[in-house]
Amino acid sequence: MPALKAFIVEDSPVILENLAATLEELAQVEVVGSVPDEAGAVRWMSRDPAGGADLFIVDVFLRAGTGLGVLQAAQQLGVRARRVVLTNYATEEMRRRCASLGAERVFDKSRELDDLITYCAELADDVDAGPATTAR
């Protein structure tokens, strides 16, 4: 049974489908939902900021709105899930902006997908092992 529940905010159906399949197969991740835009992500987070997902994976450029808006809303709503960004625009400035809005990591879609998978697998292992190993 997957140990890590992820919610993905991504507007490309191809990327979403491939990412979800890869994470579920290689990293013990269950994708519990996805939306293509900021408003959908905010609605989803507003329904259950305390525990609907363990991890949010957010793209910066969305069909409507931005991933930065998603990160900001997550902060304002007190979302407890970890947040990472997966983008084609992983400049140093964008990494700083995402970090200031609560993103733990920023992954470049074209060069760091393996790093995201490894990160998710490690989180899943921590969740599966129980609370004693998740304290940092």
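Are Glu-10 and Lys-109 buried or exposed? In this predicted model, both residues are buried. Their side chains also meet each other, forming a salt bridge with an N to O distance of 2.9 Å. Glu-10 sits in the loop between β1 (4-9) and α1 (13-26), while Lys-109 belongs to the loop between β5 (105-108) and α5 (113-129), so the contact ties together parts that are 99 residues apart in sequence.

A second pairing starts from the loop between β5 and α5. Here the side chain of Glu-112 meets that of Arg-95 in a salt bridge of 3.2 Å, N to O. Arg-95 is part of helix α4 (residues 92-100), and the two partners, 17 residues apart, link distant parts of the chain. Glu-112 has a relative accessibility of 19%, and because buried means under 20%, this residue counts as buried.

Arg-111 and Asp-108 provide a further example, with their side chains joined by a salt bridge, again described by an N to O distance of 3.2 Å. The two ends of this bridge contrast nicely in their surroundings: Arg-111 counts as exposed, at 64% relative accessibility, whereas Asp-108 is buried, with a relative accessible area of 5%.

Turning to the wider picture, salt bridges with shared partners bring Glu-10, Asp-59 and Lys-109 together in one network. The buried pair introduced at the start, Glu-10 and Lys-109, thus appears again as members of that network, alongside Asp-59. Overall, the count for the model comes to seven salt bridges, among them the Glu-10 to Lys-109 contact, the Glu-112 to Arg-95 contact and the Arg-111 to Asp-108 contact.

Conventions: Residues numbered from 1 in each chain as written. Predicted model: local features only at pLDDT ≥ 70, side-chain atom pairs only at ≥ 80, totals over all residues. Heavy atoms only, no water. Salt bridge = Lys/Arg side-chain N within 4 Å of Asp/Glu carboxyl O. Helix = DSSP H or I, 4+ residues; strand = E, 2+ residues; numbered from the N terminus. Buried < 20%, exposed > 50% of the residue type's maximum accessible area, 1.4 Å probe, protein only.
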